[in-house]
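Let's take a relaxed walk through a protein model. Have the sequence and the 3D view open, and look things up as you go.

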Amino acid sequence: MDVVFHTEKAVFNYRVAGVWIQDGRILLHRASEDKIWSLPGGRVEMNEASPLSLQREFKEELDLSIELGRLIWIVENFFEYREKKVHEIGFYYLVSTEAKQDLTKGPFHGMEGERLVYEWVPISELEDVVLYPEFLKKAIKEIPKTTEHLIVSD
């Protein structure tokens, strides 16, 4: 069971995300029917540690075994999505893999079919992308040396 709670007017979501940077590009994903990009990852399951959750999500979505680096950001994110207020707690980890990646092939789908679209986006072009949370556009260019706690609201 995912750690997500819905009420009539709001949603609480506990999410993990991977910051995977390679050769000046970062891996992003979005729902096929959406224009909003985010970092790959997903919801944490009840009684699941966040690092294991992120490894599970990458395995399920991309059939990749990832290596977790350090925790970069703990983010309390408050926003509205589909006419509901969302309170999201997000853990953002550096990730990598030894598997060879084709960074130039453009958008692609993962193991779950066409539900999600992935793309290696040049970091220099992030300002042109609809990326949420928005702090990522600048923060990815200057990854902090220690874990940061951020409170973000739109």
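Start with Glu60, which is partly exposed because its relative accessibility comes to 37%. Glu60 belongs to a bigger story: Glu45, Glu48, Arg56, Glu57 and Glu60 are joined into one network by salt bridges that share partners. Keep in mind that this is a predicted model.

**The salt-bridge network**

- Side chains of opposite charge can pair when their charged atoms come close.
- Arg56 and Glu60 do this, with their side chains meeting in a salt bridge at 3.3 Å, N to O.
- These two sit four residues apart in helix H1, so about one helical turn separates Arg56 from Glu60.
- An α-helix has 3.6 residues a turn, so residues three or four places apart point the same way.
- Arg56 also has a salt bridge with Glu48, where the closest N and O atoms are 2.8 Å apart.
- Glu57 is another partner of Arg56, and here the closest N and O atoms are 3.2 Å apart.
- Are Glu48 and Arg56 buried or exposed? Both of them are buried.
- For Arg56, the relative accessibility is 17%, so it falls under the 20% cut-off for buried.
- Glu57 counts as buried too, because its relative accessibility is 8%.
- If you search the whole structure, you'll find eight salt bridges.

**Helix H1 itself**

- H1 is built from 13 residues, and the distance from its first C-alpha to its last is 18 Å, close to the 18 Å expected at 1.5 Å a residue.
- Several H1 residues are buried, including Ser50, Ser53, Leu54, Phe58 and Leu62.
- What covers the buried residues of H1? Plenty of strands are involved, among them S2 (10-19), S4 (25-31), S7 (84-96) and S9 (113-122).
- Right after H1 comes Asp63, which has a positive phi near 55 degrees.

**Glu61, a charge without a salt bridge**

- Glu61 is part of H1, which runs over residues 50-62.
- Glu61 is buried yet has no salt bridge.
- Which side chain of opposite charge is nearest to Glu61? That would be Arg115, 4.1 Å away.
- The cut-off for a salt bridge is within 4 Å, so the 4.1 Å between Glu61 and Arg115 doesn't qualify.
- Leaving aside residues up to four places away in sequence, Glu61 touches a list of residues that includes His29, Gly41, Met111, Arg115 and Tyr118.

**Backbone oddities in the loops**

- Asp23 isn't a glycine, but its phi is positive, at about 50 degrees.
- You'll find Asp23 in the loop between strand S3 (21-22) and S4, and it counts as exposed at 68% relative accessibility.
- Asn47 is also not a glycine, and it has a positive phi of about 65 degrees.
- Asn47 lies in the loop between S5 and H1, and it is exposed, with a relative accessible area of 81%.
- Look at the peptide bond from Tyr132 to Pro133: it is cis, with omega near -10 degrees.
- Pro133 is placed in the loop between S9 and helix H2 (136-139).

**A nonpolar patch on the surface**

- Met1, Phe5 and Met46 make up a nonpolar surface patch, and together they have about 340 Å² of accessible area.
- Where is Met46 found? Look in the loop between S5 and H1.
- Met46 counts as partly exposed, because its relative accessibility is 39%.

Technical notes. Residues numbered from 1 in each chain as written. Predicted model: local features only at pLDDT ≥ 70, side-chain atom pairs only at ≥ 80, totals over all residues. Heavy atoms only, no water. Buried < 20%, exposed > 50% of the residue type's maximum accessible area, 1.4 Å probe, protein only. Lys, Arg positive; Asp, Glu negative; His and termini not counted. Contact = heavy atoms within 4.5 Å. Expected span 1.5 Å × (residues − 1). Patch = residues over 30% accessible without salt bridge, like charges linked within 9 Å, V, L, I, M, F, W, Y side chains within 5 Å. Areas by Shrake-Rupley, 256 points an atom, 1.4 Å probe, with all protein chains shown as cover.
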